[in-house]
Amino acid sequence: MIASLDRLGWIALGVMVGLSVGFFPGLSGVTGMAILLPFIFGMDQVSGLSLLIGMAAVTQTGDTFTAVLLGVPGSVSSQATIMDGYPLARQGQAARALGAAFFSSMVGGVIGAIFLLVAIAFARPLVLALGSPELLLLAIVGLSMVALVVRGRADLGLLGALVGLAVGTIGAAPGSAAYRFTGGTLYLQGGIPLAIFALALFAVPEFLDLLRSESVAEGKKLSGSIVQGVRDAIRYKWLVVRNAVLGSFIGLVPGLGGSVVDWIAYGVTVQASKDKSLYGKGDIRGVIGPESANNAKEGGSLIPTLLFGIPGSGTMAIFLGALLLLGFRIGPQAVGRNLPATLTIVWTLVIANILGAGLCLVLANQVSKLTLVKSAILVPVLFVLVVMAAYQASGQWQDLVAFVVIGIIAWFFKTIGIPRPPILIGFVLAGSVERYLHLSISRYGWGWISRPGVLAIMAVAVGSYVLLWYLNSDSRGSKAKVVSGPEGGSQ
Amino acid sequence: MIRSTRTSSKLLSLLFVLALLVTACGTDDGDDGADADPDTEDAGDDGDGEDSGDSDDDGASGASFYDGKTLKVVVPHGPGGGADTSARLVAKHLMNHIDGLTVQVVNEDGGAGVVGVNHWVNQEPHDGTVALLLANNPVVSWLLGDPGVQYDLTTDFHPVWANPGGRVSWSNPASGVETATDLGDESLEIVHGFTSPTSVDFTTIIALDALGVRDNIEEVWGYESNGAMSASVEGGELDVMAGSTTSYLSLAADLVEQGDLNALYSFGLPTRDGLERDPAAPDVPTIEEVYEEMHGEAPSGTEWDVFTAYNNLFTAGAVRLMMHPDAPEEAIQELTDAIMAMAEDQAYLDEAAETLGPYEPIVGEDLEDLLEAQRGMSEDVLEHVRAILRDEHDLDV
């Protein structure tokens, strides 16, 4: 404990880096890791872990700024926040949305850390029970969230998801030596980088349309405050807690959790509400739900990362590499002789979440004034930032071509009314769906469908929809929305 | 509506101009290297702090090529992971053995390493100031005849340092596969997991061929990582897998000790005296020992020769620091000497053992064997593997 002040310093430094990379659209935890790694080499384990976890814990907190203020997911981890956060910002309530988001992030993050502490000792059999067929089904459940995101227009949602899945097949096929749709280029062998895809899909159309209005906040005035947002989060405390627990469990799913947690949390939040009419138009619960879950997820997803070396997200993948630099061996010993280091991680998560969200809350008022800046000034600056972020994704010139091409297509989609969140959901899950379908069939044939785990997940998914539908059936506006739950998607 | 379309088209042109501008800046960055990446400078700074004091080894002796120079080490992969770690390890300690030298590590990710290696071979100056950390993946791409590859393993690389990295196979004993000889037991239905056929995991099928047991095994390809595969073995979805020795040590070794998993065989460590037990897994029999036990004679035949060629290439030197073969001779000489001194340095050895496994680095004259393995990849050996991947895995070359 003598070194604890020292350690706090490292955590604080990590938090600063994490918030900075989270704050800029397109930079993510992966960038943060890349910045920190050279310092990590040769550091002692505790300091290195403090620095890295401090960073990783708060990138999704920082991401919230761009998601709410600009409608652009800063990285995968704040995808669903754009659904209601951005409409709120356009109504001039950016500060309120940010306040609610950061407060629920903080609580969610702490709950996730506690979950990690409690669950890591028992989680081994649970993770092992998830074979390829079970993971496939969970990925499909994630895909089915498309139906909730585009309520009422399941056809367009499906179309979007298919586009996303199709684009996601570009590159190396899982389990074979074939490359698809690469046109012989090396650039496309690894597929289109996620950062580029997400940025171009949202940033380009939003920015272009932003130029047509005066500023992000229509009407050029702000209402609502951080305090109001925090009060909202406290009012919906059970939503915060429930989604944090949900997020922790989803984080536990090896290799998949990070990409689906936002949408599942959003879907569940919408589905469990009686009055759904405001979702997608600026319902504060649509911010609180996913934000609580996505910070809690980091705690959960450290379990497969530390115990099995299976990263649940891009950040975790690099974190795994960084552990190697620190001489920390992952595997079963994380709860054995490496237990002290594991505990360090838990404490760091708690401290970093409180520190990071606290800092964001302090900054939120000032930053939300960005929504008052004239579009003609804001957009060009943002554009440069975003293009630079796109370029640093892999540092190849093709990044820019991909960015521009996808951006133009996305703008076209927005103009003709095809919703883009389903495209992102399809793209993010394409790899998992394909990989686990391939593995399930080559391992079990079609028998994978009748595995007990698969049947159990199906039963839970269908059952929860039926239950929610039944509970909500007396309230108006819920009937058409249940058309395609997971039972529709799992064919 | 018309008005807004016009505005939009103006915007589009603006966008293109912007894109071009940034591309131009980006290219500048890449070329002068100094400010290409925030982490490169830091790598230098980091090391500078470390080399306080003990640089007495060979700095004083005469004119030095590298005094006052910067050696850039290109890692054609992202930060973190085996290749990057090796590069940073060598960079850090090399500076202690050449006075006035700064080493920068630069990550150039893309195309599983091919992009960075292409760039290093064809665009970087061959003047001794740019080295390359070559891990196995770009080598595999070359072997498989990937059309994007613009380098030739047999001629374009001169190794100055290498570190071995073995492979080990392990099983879930509940499947009935308790030892490696069980792999040939026809009464068992054995499911073997693999990652991608375009990764170094294809050497596992060559090993199974060399043992003569592949017909008895059902192959499931497409796992994302050794971690995912090992969890599937433990969970019972798979019966057997093989992975790098470092992943064996972290993922499986403890469970092997508890009896939940069994280690079957290792690829061994190729040395001048033949195949030795992997020093990182000394309790695990080598594939050669297993062959002798199964077949009652020393291994031979085409399959064994193919396995040996690949094992010499991938296991004896799994990560290698490469110079351009036409770089100034004094540069290569000075690096080679400094690296030999580094290989005696306990601080280096301790840190290497911790991160890369308990292997002796390959330096000095021993590198000749590695060069031999590189040059000795005959067309027959290459074609043998390409044929397997063509017939079984849709490889289209």
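Where in chain A is the place of Gly26(A)? Select Gly26(A) to begin, bearing in mind that the model on screen is a predicted one; the residue sits in the loop that runs between helix 1 (4–23) and helix 2 (29–40) of chain A. Although placed in a loop, Gly26(A) is buried, its relative accessible area being 5%. Add Val72(A) to the selection and draw the C-alpha to C-alpha distance: the two residues are separated by 46 residues in sequence and by 8.9 Å in space.

Remain in chain A and move to helix 14, residues 285–308, where Glu298(A) is found. Because its relative accessibility is 3%, and buried means under 20%, Glu298(A) counts as buried. Show its side chain together with that of Lys297(A), and a polar contact of 2.9 Å between the two side chains can be traced. If residues up to four places away in sequence are set aside, Glu298(A) touches Ala56(A), Gln60(A) and Met316(A).

Now turn to chain B, and colour it by secondary structure to bring out its 14 helices and 12 strands. Of the 397 residues in chain B, 58% are buried. Among the contacts in this chain with a separation of 6 or more, 77% are between residues 24 or more positions apart.

Next, select strands 2, 1, 3, 12 and 4 of chain B, which in that order form an open sheet of five strands with mixed pairing. The edges are held by strand 2 (102–107) and strand 4 (158–163), each of which has a single partner strand, so that one side of each is left without a neighbour in the sheet. On average, and with direction ignored, neighbouring strands of this sheet are turned by 25 degrees against each other. Helix 3 (residues 81–94) of chain B packs on the sheet, where it touches strand 1 (70–75), strand 2, strand 3, strand 4 and strand 12, and its direction makes about 170 degrees with that of strand 2.

Within the sheet, two pairings can be followed one after the other. Strand 1 and strand 2 of chain B run parallel and are joined by six bridges, and Lys72(B) has Gln104(B) in strand 2 as its bridge partner. Strand 1 of chain B is mostly covered, with five of its six residues buried. Strand 3 (residues 130–134) and strand 12 (residues 319–323) of chain B, by contrast, pair in the antiparallel sense over three bridges, and here the bridge partner of Leu134(B) is Arg320(B) in strand 12.

Finally, display both chains and select the residues where they meet: 65 residues of chain B are in contact with 59 residues of chain A. Between them the two chains bury about 5200 Å², of which 64% lies on carbon and sulfur atoms. The count of salt bridges between chain B and chain A is two; one to display is that of Arg124(A) with Glu234(B), whose closest N and O atoms are 2.6 Å apart. Nine residue pairs are in polar contact between chain B and chain A, counting pairs with both residues at pLDDT 80 or more. Several elements give two or more residues to the side of chain B that touches chain A, including helix 2 (38–50), helix 4 (114–122), strand 7 (217–221) and helix 7 (226–235) of chain B. The largest share of that side, 12 residues, comes from helix 1 of chain B, which makes this helix a suitable last selection.

Notes. Residues numbered from 1 in each chain as written. Chains lettered and ligands numbered in written order. Predicted model: local features only at pLDDT ≥ 70, side-chain atom pairs only at ≥ 80, totals over all residues. Heavy atoms only, no water. Helix = DSSP H or I, 4+ residues; strand = E, 2+ residues; numbered from the N terminus. Buried < 20%, exposed > 50% of the residue type's maximum accessible area, 1.4 Å probe, protein only. Polar contact = N/O pair within 3.5 Å; in protein donor to acceptor, adjacent residues only side chain to side chain. Contact = heavy atoms within 4.5 Å. Pairing = 2+ DSSP bridges. Axes fitted to C-alpha atoms, helices over the stretch in contact; angles between N-to-C directions. Buried area = accessible area lost by both parts, 1.4 Å probe. Salt bridge = Lys/Arg side-chain N within 4 Å of Asp/Glu carboxyl O.
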